[in-house]
Every structure is written in C-alpha cells, then in structure tokens.
Amino acid sequence: METPVFKFEPQDSDTVYEPAEDSFLLLDALEDELDVIKARKPLLCVEIGPGSGVLIVALEKHLPMGTSHFIGFDINPNACRMTQKTSQLNGSSVDVVNMDLLAGLRPECVDLLVFNPPYVPTQPTVDSLEEHIDQFHLTGEDQNLVHAWAGGVNGRIVIDRVLADLHRLLSPEGIFYLLLLKENKPAEVLKQLQRTKFRGRIIKERRIRGEHLYVLRIERAKIA
C-alpha cells in the first residue's frame with residue numbers, strides 16, 4: 001500500500017506524531033495481510049491513536065468500498081484534526097472520534113483493530129501523564145507529543161489497558177494488529193494473550209536506528 005498524502009504545518013509537529021519508521025513498518029505489515037483482512041470482510045475497522053491518519057486512510061483506500069466503516073479514535077484533538085485532514089486530502093471517508101481508547105464502543109463490534117501505541121519505556125514519573133486526559137486540550141503543549149510515545153514502565157502502560165479490554169472489543173472473527181518494541185517484551189505479551197483465550201504471533205519485524213520493532217497479529221483462539 002502506498003503511503004497516503006499527508007501535510008504537516010510547522011506547528012503540527014509540536015503536537016502530533018509524524019509518520020516514522022514504526023508507522024511504515026505497520027503499513028507494510030498491513031499490506032502483507034490485505035488478503036487475510038479482505039477474507040474476514042470487516043464491517044468496523046478501527047485505529048487507536050491514528051495521529052497523522054496515514055494507516056486508517058490507507059486501509060480505507062485498499063479495502064472494498066461500501067462494505068466497511070473506518071474510524072480513528074484519538075485522545076489528542078490535534079491528531080483528530082490531522083486525521084480528518086489526511087482523509088480529505090486523499091478523498092477518503094474516515095470518521096474521527098476524540099476519545100480515550102475505546103471504552104465507548106459496544107461489545108464485540110470491532111472487526112479490524114490497528115494500534116501503533118506509545119511504546120517507549122519511560123520513568124514512573126511519566127506514567128501519570130497518560131491519566132491526565134484534560135492536558136490534551138491544552139493546544140500547543142509539549143504533553144501532546146510526549147503522550148504519543150511515552151509508554152511508562154516497559155512501555156506497556158497503554159498497551160496493557162487495550163489488551164485488558166480486548167475480549168470485550170474484538171468481534172468473534174476480529175483481528176488485531178499491534179506494533180511493539182523489543183523492550184515491551186513481545187513474547188510475554190503473547191503468553192499473556194494465551195491466558196485470556198487469544199492467540200497471536202509475530203508477522204513482521206524490523207531493526208531501525210537502535211530499535212527492534214515487531215508487528216503482532218492477534219485474534220481469538222478457536223475452540224476445538
């Protein structure tokens with residue numbers, strides 16, 4: 001999948017995460033998985049924290065028209081505006097909701113879930129930032145960009161919140177693509193998923209500038 005057109009103004013880079021190597025790795029993984037995704041015929045396709053919007057817009061452009069609904073959920077209102085802008089620039093139809101993760105969705109409604117989380121391990125003092133949702137409404141503050149990458153101890157403070165809610169969110173045939181850093185302990189995440197009746201595997205990995213990144217494909221375990 002080609003990268004959708006996106007346009008950052010100078011001030012946008014202060015508050016919205018610009019597409020980087022991790023974004024492009026996840027985009028490549030989704031391209032590899034397109035046939036798998038199409039076979040599931042997803043009705044509701046969701047990205048958590050779309051930021052620039054390139055991932056959810058790319059999916060909207062490459063999945064069959066008229067059969068899927070695409071929504072990005074971001075706690076950062078500036079990222080919501082940027083995702084809307086990217087959607088418009090590419091002639092796409094992507095809805096955007098300014099919300100903390102996916103607590104407002106009805107059970108088992110998400111058929112395709114994509115998440116490039118804030119995964120960088122940070123000191124415990126940064127952990128509390130993730131809980132201060134109101135700070136995202138301070139336009140121009142550096143906290144917006146910090147929240148896009150600061151992941152707390154092991155980089156998992158937000159990741160673990162999503163994993164804990166996955167059983168409620170994912171539809172019976174739903175599929176979840178999650179990007180992780182080596183320090184996030186992907187093997188531990190996969191074992192944790194097994195205990196909650198999910199199965200997952202690493203489908204793509206890449207070493208970039210001192211980081212080792214992985215993309216996991218996660219779905220409900222089939223009952224024999």
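**Phe-8 and the nonpolar core**

Q: Where along the chain does Phe-8 lie?
A: In this predicted model, local features need pLDDT of at least 70 and side-chain atom pairs count only at pLDDT 80 or more, while totals for chains, interfaces and linings use all residues. Residues are numbered from 1 along each chain as its sequence is written, and side-chain values use heavy atoms, with hydrogens and water left out. Helices are DSSP runs of H or I with at least four residues, strands are runs of E with at least two, and both are numbered from the N terminus. On that numbering, the place of Phe-8 is in the segment before helix 1 (21–32).

Q: Is Phe-8 buried or exposed?
A: Buried means under 20% relative accessible area, exposed over 50% and partly exposed in between, with a 1.4 Å probe and protein chains only. Because its relative accessible area is 15%, Phe-8 is buried.

Q: How is the aromatic pair of Phe-6 and Phe-8 classed?
A: Rings of Phe, Tyr and Trp (its six-membered ring) pair if their centres lie within 6.5 Å, and planes under 30 degrees apart count as stacked, over 60 as edge-to-face and the rest as tilted. A search of the whole structure finds one aromatic pair. The ring centres of Phe-6 and Phe-8 are 5.9 Å apart and their planes stand at 90 degrees, so the pair is edge-to-face.

Q: What separates the C-alpha atoms of Phe-8 and Met-82?
A: Contact means heavy atoms within 4.5 Å, and, not counting residues up to four places away in sequence, Phe-8 touches several residues, including Met-82. These two residues are 74 residues apart along the chain, and their C-alpha atoms are separated by 8.1 Å.
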